[in-house]
Amino acid sequence: MRAVVWHGIGDIRLDEVPEPTVQHPEDAIVRITRSAICGTDLHFVRGTMAPMQEGTILGHEAVGVVTEVGDAVRGFSAGDRVVINSTISCGACRYCRMGKTAQCDVANPNGPQAGTSFFGGPESTGPVDGLQAEYVRVPYARNTMHPLPDTVSDEQAILLSDIFPTGWFGAELAGVTRGDVVVVFGAGIVGQFAAASAYKLGAARVIVVDGEETRLAAALAQHCEVVDYNREDPVQAIMDLTNGIGADAVIDAVGVDAERPKQGPAAVSDEQAQQFDAEVQQVAPDASPDGFGEQQQWKPGDGPSQVAQWAVASVAKYGRIGIIGVYGPTAERYPIGQAMNKNLTIRMGNCDHHSVTPPLIDLVASGQFDPTALITEHEPIGSAIEAYEAFDRREPGWVKVELETSK
Ligand SMILES: NC(=O)c1ccc[n+]([C@@H]2O[C@H](COP(=O)([O-])OP(=O)(O)OC[C@H]3O[C@@H](n4cnc5c(N)ncnc54)[C@H](O)[C@@H]3O)[C@@H](O)[C@H]2O)c1
Ligand SMILES: [Zn+2]
Ligand SMILES: [Zn+2]
C-alpha cells in the first residue's frame, strides 16, 4: 500500500509499504478513505520537533471503514465508518476516566511519564505509524475511534479527527466565556477552528493575528477582526481595540514554528533578531535554518517565542492564555516574569480528543456547524509530497489539505 514516510529532516517520500496487521487484541485495522496534512506534520519535516524515527508513517488525521478487529475489541466490527482520534488512549486508566485522554497512562509504549501518544509522531510518542496511508493499525481501537453517523460526510468528518476538537480545546483552555474579547494568534486551520469555537462558547469579539493575507481573509469571512503583524504591531492594535485593557483570553494556535515580523512597526530590532537566531539553534539544532533549495522548503520558524511574548503582552491583567500551538521539549524560553506580574492563568497541552469530540460530531451532524468550507485543497495521495511542499511554503489559499486515499 502507499503511505507518506518520514526519512529525515527535509526528506519525506510516498513509499510502498506492507499493509498493517492486528498486533494486539485491542487493535483494529481501518481502510482509510480520507486523511489530511496538519501543521503538526510540518514541525517533523522542518526538524522543530525531533527526534523522529526513520521509517515512521506520518499523519494523525483520518476517516475510514473498519476492516478487522482484534479479539478484545468490543463495540466496533468490520464495516463500521469511523473517525480516528489523533491521540491514542486506553479508556481504562485514571486519566482516561477523567476525560484527560491525552495523558493516558497506558497508550504510550515509552511509559506513563512519556506524555501523549499519537499517530505518526516523534520517538517519544511511540512511535506509532500514522494515518497518511491506505490502511492503518489503530491501537486501543475502542477508545481511539468514534463511530460516524451517515449524516456526517467523510469531508466533514476529517476535521473531527484533530482540528475541530483541538480548536475547541484551545478555547476551553483559555476559559472563553460569554462576553469575552478573545485573541487568536495563528490563522491556520487550528486558529480558524479556535476562533469558531470561541464564538460558539459566547465570545463577544474574536481578533485573529497572522501575517498571511489569504488566511486572514478566511478569518474575516468568519467575522473575526483581523490584524496583519507585518502591517501593524499586534500588541498595540489589540490594546487600541480594547480601550487599553487587553484581551480577556488569548489562544496560541501557532507554536514553535512562529515567524518574526519581516516589515512594519513590529519588525524586530537587531538585538531581538540575534536572540531569535539563538532560540532557533536551541529549539531545532538539526534543522536547516534557511530551509532546503531556492524555495527555502522546510524552513523552521524564525521566531520560536514570538507568539508567547505577544500573548503575554496583549492579554489583560488576570487574563487567561490557552496554548495549543505545539512546542517540543527543546523550547525553553517563555516570558514568565511578565506573566507573573500580570497574575495570568496559562494552560496548555495536547487535545483530549476522545472526550472533546463527541459533542462536536453532534454539532456537525445536526447541521449547526459545517466545517467543510475551510478545507481548501483536495489532493490524491499520489500527490501527497507536492501537497506537503505547497502547504509548507504557505502557498496563497492553502489553508488545509485533505488527502483522498482511494485516488
Ligand atoms: N495541541 C494540539 O493537540 C494540537 C493539535 C493540532 C495542531 N496543533 C498545533 O497547532 C498549530 C497550528 O496548526 P495548523 O495546522 O493551523 O498549522 P499552520 O502551519 O497551517 O498554521 C500556523 C499559522 O501561524 C501563522 N504564524 C506564524 N507566525 C506567526 C506569528 N508570529 N503570529 C501569528 N501567526 C503566526 C502562520 O502564518 C500560519 O498561518 C501547530 O503548532 C500544530 O502543531 C496542536
Ligand atoms: Zn493535526
Ligand atoms: Zn488511558
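**Exercise 1.** How many residues of domain 1 are in contact with how many residues of domain 2?

*Solution.* Keep in mind that you're looking at a predicted model. Start with the split: the protein chain is divided into domain 1 (2-162 + 351-404) and domain 2 (167-348). Next, look across the boundary: 25 residues of domain 1 touch 26 residues of domain 2. On the domain 1 side, the elements that give two or more residues are α1, α12 and α13 (384-392). The most come from α1, with six residues. Sort that side by class and you get eleven nonpolar, seven polar and seven charged residues.

**Exercise 2.** Work out where ligand 1 sits relative to the two domains.

*Solution.* First, find the shell: 34 residues surround ligand 1, and Gly39, Thr40, Gly188, Gly255 and Val326 are the closest. Elements giving two or more residues to this shell are α1 (39-46), α6 (189-200), β9 (205-210) and α10 (306-314). Here α1 gives the most, with four residues. By class, the shell has 15 nonpolar, 13 polar and six charged residues. Now the punchline: domain 1 and domain 2 both give residues to the shell, so ligand 1 lies between them.

**Exercise 3.** Decide how helices α5 and α12 are oriented to each other.

*Solution.* Take the axes of α5 (residues 163-173) and α12 (residues 353-365): they come within 9 Å and cross at roughly 100°. Angles of 65 to 115 degrees count as roughly perpendicular, and therefore α5 and α12 are roughly perpendicular to each other. Who meets whom? Phe164, Pro165, Trp168 and Phe169 in α5 meet His353, Val356, Thr357 and Leu360 in α12. That contact has six nonpolar, two polar and no charged residues.

Note on methods:
Residues numbered from 1 in each chain as written. Chains lettered and ligands numbered in written order. Predicted model: local features only at pLDDT ≥ 70, side-chain atom pairs only at ≥ 80, totals over all residues. Axes fitted to C-alpha atoms, helices over the stretch in contact; angles between N-to-C directions. Parallel < 35°, antiparallel > 145°, perpendicular 65-115°, else oblique. Contact = placed C-beta atoms within 7 Å. Nonpolar A, V, L, I, M, F, W, Y, C, P; charged D, E, K, R; others polar. Near = placed C-beta within 6 Å. Domains from an automatic or database assignment.
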